[in-house]
Amino acid sequence: MTGDTRRHDDATRPQGTPGGDQAAASAIPHQAPTPLGRLVATVERLRREVLEAQAAADGRALVELAKGILIGQLSCTPAAAAQQLDLLCRESGMSPLELAADIVNQASRDHVSEIAAEFVERAGTDHDPAGQHSTVSVRLRTAESGMLAAAADTQAVAESLLTNALSPLGAVAVAVWTAVPDGSLALAGHAGFPSREAVRWRHVPPGVSTVARLALRERRLVTLAHLKREGLPSIGHLQWPDGGRMAVPTGTGGRIHGVLEICWPQPLAPQPPQIERQVEALAELCARTMDVSPPRDFTVTEAVLPDVEELIDLAEGLQDPAVVLTPVLDAGGRLSDFRIRHAGSRFVDPVGRPRGDVNGALLLEAYPMAAGESGLFDIIERVHATGEPFRAERMSLTAFVDQIPLTSVADISVSRHGAAVLLIWRIEDETARLANLLQHAQRLGRIGGFEENLATGETTWNAQLYALHGLPATAPPVRLRELPGYAHPDDSAALGRFLRAVLRHRRPASVHFRLQRLDGITRHIRVVAEPVLDADKRLHSVRGAYQDISAQHWTEVALAATRDQLAHTEAESAERNRLALQLQHAIMPPTPPAIEAPGLRVAVRYRPAETESLVGGDWYDTVVLPSGLIMLSVGDVAGHGIEAATGMVVLRNALRGLAVTGAGPAQLLSWLNTVTHHLAKHVTATAVCGLFDPSTRVMRWARAGHLPPVLVRGGEADAFPLIEGLLLGALPDVTYVEREVQLEPDDTLLMFTDGLVERRDSSVQDSLGHLVNAAAAGAGDLDGQLDRLLTASRSDTDDDTCVIGIQVG
């Protein structure tokens, strides 16, 4: 049997892992024997022998368990069962351990047998070679035998886990943590870790984030591929900082007793689901050894347990309503609900039911809304599982009454005591809650209440009213008749009318006055009061409220000043827009007449901005120069308003004056750029300038950041090739490029500003293409063409629009 166990370990050990005598020999350096060296070798040999003996004993226990199953099934003697086991081994070609594991799996039908069955189904796949299910069964069943044999010794359980089940998976160490009710973790058992390291980690205080704490908090298996990268400390992190970790909670009956943590020396690759299922099965086996309480069947027996009786006595001694709950397990041993074992004598149901209606009921039957996400049931389940208490203030509790959900607010406290859970809730008193809300409302609204008994002369203030008056809480309240002595003299008449209305005419009234406090601060106060009459219709008392409206008063004063300033600013803006519009119309009337020039017919369409506040700086100009050439220009000054309009006038007149020199378009734009750059407020503009020679029909043109002209000839239209040209005013010295175009009779040349084509949702090139298509489709006289272009314009910027049409004769 020992030989079988050793052969199984060698077969499942990862390649490259030293084992047996070879590992021991490689660990001891080649040197002359010394007394200390002989002692170390002897200790190492004895340790190996102990481990091998333990493994052999665990294997023998598994085989003996299989023999016992055969005795029961075949009704034979132990000797006959042993002979039958040997016969089955020879016929199947399986080792005694493998056969024993299969026999136990078939008889038990438990979690381990389910995992073995999964490997049978997956046999032959990439992740599970054929025959792997037998190895898994042997590992788990051997580990189970060793753990059950050492059930009272968690240290021995950890060693059995590592030796029989985890070492074949490549793990080098294992730690078994116990979850203490105070939220701390205690190291109950370990294997593979140095003794000094185990001493350092024997206790982990509450709140310290570790790998085991992460699994406990999430209540599921947690896999960390690289411990150091995750930044979580844990036992052995100094020995294997680059290793991987697995941690899985261990528990039974819905309670988590602790955490099983497994350590690998190298980074851990993503594990297939089969390996995770094996680890979860080992955690379940480990949980059985950690649960030292006697087995309880909560689904069958309804007897009150001793620890529950003590908890009921404790609940009755509390001043707050308390409920004692015990877990209810399903047939598979999983938590399904909680039984309300006892509702204390001070129990208050959120919807007013007597405690007899909920005593003995299931929690989810009595309060089905508790099953909501992050609801009460989830909280109780977490406390029952981990033992960590829970407390919360102002938590909503919802219950159904005749299918109508009613919600109450309560302070909640949940704690675990043995196998039971103590739930304490304090339903918020509605009267106290409303009083608390009223107090906060008065504080936020700077309101103070009062009541004055006219028969006894007693006046009652609340705390907020003392604060409004700037008086200490020990000072006597100010009576209504005394208010004029604390008010500004100019408000005495208004206060007099207020007092007469309330005290003499017995009518509700209000007044606004300036309160002059003793600390020298003046506050604007509104007082509202109403008379209270007795049974004989005589004035008995007056009650009411003060409100500090100083912030509102000064806000109204500031708002009035702002309105005046805004009105003045609007008037100034309107005047500026009017002047800009007059200036623009004086230079370029909205409906300019057609211009006749030698060899040309020029028509202009100018469409102002739709709103006067957007008065822009578009301009056009056509002038016959002394040289006989005709200058054609169009431009746009950036911006709107008086600055844009005056800038337009300056640039238009400057270009007209510069053109008299006889310079070409490129030179004219260069000089105009210098003028623009030195204008005030850094004006920028775009422009196109052309010089047309009537004798040759040649037009020289240049552009400064402006869209090129469009030529319509023979029913087809196209824009001039784009040439370089920086906008005006950007730099002090700019050189512009000049081009020539030979025009022909009946050609139509279109020069325009961007207000004709610009759209917010389209590029300039797309908008220019639309204009070219519209110009090609147009026919008829020049005026008709320009009118159709304005009608077909898709511009949506509400900007000025200027179009010049030049028809060659």
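Which strands does helix α20 (residues 642–659) lie across, and at what angle does the helix run to β19? In this predicted model, helix α20 lies across β19, β20 and β21 (685–693), and its direction is at about 20° to that of β19. The report begins with the sheet beneath this helix, then turns to two further groups of paired strands and to the salt bridges.

## The sheet of β19 to β25

The sheet is open and consists of five strands, arranged in the order β19-β20-β21-β22-β25 with antiparallel pairing. Its edges are formed by β19 (617–624) and β25 (739–742); each of these has a single partner strand, so one side of each is left without a neighbour in the sheet. On average, neighbouring strands are turned by 15° against each other when direction is ignored.

At one edge, β19 runs antiparallel to strand β20 (residues 630–637), and eight bridges join the two. Within this pairing, Asp618 of β19 has Asp636 of β20 as its bridge partner, while Asp621 is matched with Ser633 in β20. Five residues separate the two strands in their hairpin, where Gly628 adopts a positive phi near 95°.

Is β19, as an edge strand, enclosed or open to its surroundings? Seven of its eight residues are buried, so the strand is largely enclosed by the rest of the structure. Helix α20 is one of the elements that lie across β19. A further helix, α21 (residues 665–677), also packs on the sheet, where it touches β21 and β22 (698–704). The direction of α21 makes about 25° with that of β22.

## Strands β4, β5 and β6

Strand β5 (residues 245–252) is mostly covered, with six of its eight residues buried. It pairs with two strands described here. Strand β4 (residues 222–224) is antiparallel to β5 and is joined to it by three bridges. Strand β6 (residues 255–263) is likewise antiparallel to β5, the connection being made by eight bridges.

Met246 of β5 takes part in both pairings. Thr223 stands opposite Met246, and in β6 the bridge partner of Met246 is Ile262.

## Strands β12, β13 and β16

Another mostly covered strand is β12 (residues 447–453), in which five of the seven residues are buried. Seven bridges connect β12 to strand β16 (residues 539–548) in the antiparallel sense. Three bridges connect β12 to strand β13 (residues 459–461), again in the antiparallel sense.

Glu452 has a bridge partner in each of these neighbours: Val542 in β16 and Thr459 in β13. The hairpin of β12 and β13 has five residues between its strands, and Gly457 there takes a positive phi near 75°.

## Salt bridges

Side chains of opposite charge can pair when their charged atoms come close. The model contains 22 salt bridges. Three of the pairs are listed below.

| Basic residue | Acidic residue | N to O distance |
|---|---|---|
| Arg213 | Glu388 | 3.9 Å |
| Arg538 | Asp534 | 3.6 Å |
| Arg759 | Asp761 | 2.9 Å |

What does the pair of Arg213 and Glu388 tie together? Arg213 belongs to helix α10 (residues 211–218), whereas Glu388 lies in the loop between α15 (376–386) and β9 (390–401), so the salt bridge ties together parts that are 175 residues apart in sequence. Arg213 counts as buried, because its relative accessibility is 7%. Glu388 counts as partly exposed, its relative accessibility being 32%.

In the pair formed by Arg538 and Asp534, the acidic residue Asp534 is partly exposed, with a relative accessible area of 26%. The salt bridge between Arg759 and Asp761 has its closest N and O atoms 2.9 Å apart. Here Arg759 is partly exposed at 22% relative accessibility. Its partner Asp761 counts as exposed at 56% relative accessibility, a value over the 50% cut-off for that class.

Salt bridges also link residues into a network, whose members are Arg601, Arg605, Asp783 and Asp787.

Methods:
Residues numbered from 1 in each chain as written. Predicted model: local features only at pLDDT ≥ 70, side-chain atom pairs only at ≥ 80, totals over all residues. Heavy atoms only, no water. Buried < 20%, exposed > 50% of the residue type's maximum accessible area, 1.4 Å probe, protein only. Helix = DSSP H or I, 4+ residues; strand = E, 2+ residues; numbered from the N terminus. Pairing = 2+ DSSP bridges. Salt bridge = Lys/Arg side-chain N within 4 Å of Asp/Glu carboxyl O. Axes fitted to C-alpha atoms, helices over the stretch in contact; angles between N-to-C directions. Contact = heavy atoms within 4.5 Å.
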